[in-house]
Amino acid sequence: MKIATFNINGIKARIEALPAWLDEAQPDVALLQEIKSVDEAFPREIFEDRGYNVETHGQKGFNGVAILSKSPLEDITRGLPGDDADEQARYIEATVMGDKEAIRVCGLYLPNGNPSPGPKYDYKLAWMERLHARAQELLREEIPFVMAGDYNIIPQAEDAAKPDSWRDDALFRLESRTAFRRLLNLGLTEAFRARTAGPGHYSFWDYQAGAWNRNNGIRIDHLLLSPQAADLLVDCHIDKDVRGREKPSDHVPVWIDLAA
């Protein structure tokens with residue numbers, strides 16, 4: 001089962017680029033972030049015509065997440081538990097049945113948190129606490145699950161071309177990286193690092209200052225696997241070349257292959 005995460009930075013802006021990538025990459029499941037669309041306005045027919053089941057958790061002009069799946073989606077939930085007052089559309093969950101295993105997929109768009117310190121950074125850290133609690137709940141169920149999306153976290157210095165320029169940024173502050181490490185310490189596996197070591201691997205390049213041409217990137221899109229899902233991991237890859245295509249997102253897809 002090929003599961004991808006892709007922050008598309010607006011479905012309207014990626015209305016041609018996203019279907020083109022889907023046709024080429026053929027993921028079984030695609031977890032999308034920043035669709036920037038209410039549910040009713042999401043162009044689901046484009047994806048349904050390609051054989052995908054579509055579930056969205058949208059918000060006008062901001063945020064928004066979606067799941068595209070070639071297999072039926074079951075037990076769909078929208079919103080991260082733990083704060084009924086949170087109106088930001090950043091989380092969606094569903095179960096996908098593979099040939100051998102049922103996989104719980106959790107698509108997330110973690111808050112950026114800038115400027116930090118401040119209220120937005122407090123919201124980011126609180127959101128991560130809620131994600132930690134949800135991961136604990138899923139671990140207790142002992143089912144294969146994948147928490148994938150734009151984490152807005154640079155885990156280590158090697159995950160940035162110029163780490164010194166990110167020292168005071170919410171994506172790289174110690175509290176952010178510590179919260180990410182707490183997730184891993186639950187027993188989750190960061191799929192990309194389970195397969196690939198070393199610096200120079202990025203999933204985001206800013207539109208400004210020629211970041212793409214200079215390869216001044218950061219790696220902030222991650223797939224975290226439960227122990228049961230990690231046992232099924234075959235491969236993980238960043239589709240870097242997508243960033244150099246026509247009208248690209250500032251992120252690129254990252255995908256895993258599970259023997260499921």
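Helices and strands here are DSSP runs, numbered from the N terminus, with at least four residues for a helix and at least two for a strand. Keep in mind that this is a predicted model.

**Stop 1: the loop between S7 and H3**

Start by selecting Pro115, which sits in the loop between S7 and H3. Look at the bond leading into it: the peptide bond from Asn114 to Pro115 is cis, with omega near -5°. Now step along to Pro117, also in the loop between S7 and H3. The bond joining Ser116 and Pro117 is cis as well, with omega about -5°. Most peptide bonds are trans, so cis ones are worth a pause.

Next, pick Ser116, in the loop between strand S7 (102–109) and H3. Is Ser116 buried or exposed? Its relative accessible area is 16%, under the 20% cut-off, so Ser116 counts as buried. Show its side chain and you'll find that it reaches the backbone oxygen of Asp168 at 3.5 Å. Beyond its neighbours within four places in sequence, Ser116 touches Tyr121, Asp168, Asp169, Ala170 and Arg173.

**Stop 2: H3 against H4**

Tyr121 is your bridge to the next stop, since Tyr121 is among the H3 residues that meet H4. Colour helix H3 (residues 119–141) and helix H4 (residues 174–185). How do H3 and H4 run relative to each other? They pack at an angle of about 5°, with axes 10 Å apart. That angle is under 35 degrees, so H3 and H4 are roughly parallel to each other.

For the contact itself, select Tyr121, Lys124, Leu125, Met128, Glu129, Leu131, His132 and Ala135 on the H3 side. On the H4 side, add Glu175, Ser176, Ala179, Phe180, Arg182 and Leu183. By class, this contact is made of 8 nonpolar, 2 polar and 4 charged residues.

Now follow the chain off the end of H3 to Glu142, in the loop between H3 and strand S8 (145–150). Check its backbone: phi is positive, about 55°, although Glu142 is not a glycine. Most residues other than glycine have a negative phi. Glu142 is exposed, with a relative accessible area of 59%.

**Stop 3: the nonpolar cores**

Which residues touch the most other members of the largest nonpolar core? Select Ile3, Leu32, Val146 and Ile256; the core they belong to has 51 residues. A second, separate core has 22 residues, including Leu110, Leu139, Ile153 and Ala179. In soluble globular proteins, nonpolar side chains tend to be buried together.

Zoom in on Val146. Leaving aside neighbours within four places in sequence, Val146 is in contact with Ile3, Ile103, Arg104, Val105, Cys106, Leu223, Leu224, Leu225, Ala229, Ile256 and Leu258.

**Stop 4: strand S2 and just past it**

Go to Val29 in strand S2 (residues 29–33). At 0% relative accessibility, Val29 is buried. Draw a C-alpha to C-alpha distance to Lys2: 6.4 Å in space, for two residues 27 apart in sequence. Further along or across the chain from its neighbours within four places, the contacts of Val29 are Met1, Lys2, Ile3, Ala4, Ile67, Leu68, Ser69 and Val96.

Then move to Glu34, in the loop between S2 and helix H2 (44–48). Here is another positive phi in a residue other than glycine, near 55°. Glu34 is buried, at 14% relative accessibility.

**Stop 5: Thr95 in S6**

Select Thr95, in strand S6 (residues 91–97). Thr95 is buried, with a relative accessible area of 16%. What does its side chain pair with? Show Arg104: a polar contact of 2.9 Å joins the two side chains. Apart from neighbours within four places, Thr95 touches Pro72, Leu73, Glu74, Asp75, Ala102, Ile103 and Arg104.

**Stop 6: Arg78 in S5**

Finish at Arg78, in strand S5 (residues 73–78). With a relative accessible area of 39%, Arg78 is partly exposed. Follow its side chain to two partners: a polar contact with the side chain of Glu55 at 2.5 Å, and a reach to the backbone oxygen of Thr56 at 2.7 Å. Outside its neighbours within four places, the contacts of Arg78 are Glu55, Thr56, His57, Tyr91 and Ile92.

For a last distance, link Arg78 to Ile153: their C-alpha atoms are separated by 22 Å, with their positions 75 residues apart along the chain.

Key. Residues numbered from 1 in each chain as written. Predicted model: local features only at pLDDT ≥ 70, side-chain atom pairs only at ≥ 80, totals over all residues. Heavy atoms only, no water. Axes fitted to C-alpha atoms, helices over the stretch in contact; angles between N-to-C directions. Parallel < 35°, antiparallel > 145°, perpendicular 65-115°, else oblique. Contact = heavy atoms within 4.5 Å. Nonpolar A, V, L, I, M, F, W, Y, C, P; charged D, E, K, R; others polar. Buried < 20%, exposed > 50% of the residue type's maximum accessible area, 1.4 Å probe, protein only. Polar contact = N/O pair within 3.5 Å; in protein donor to acceptor, adjacent residues only side chain to side chain. Core = buried A, V, L, I, M, F, W, Y, C linked by side-chain atoms within 4.5 Å.
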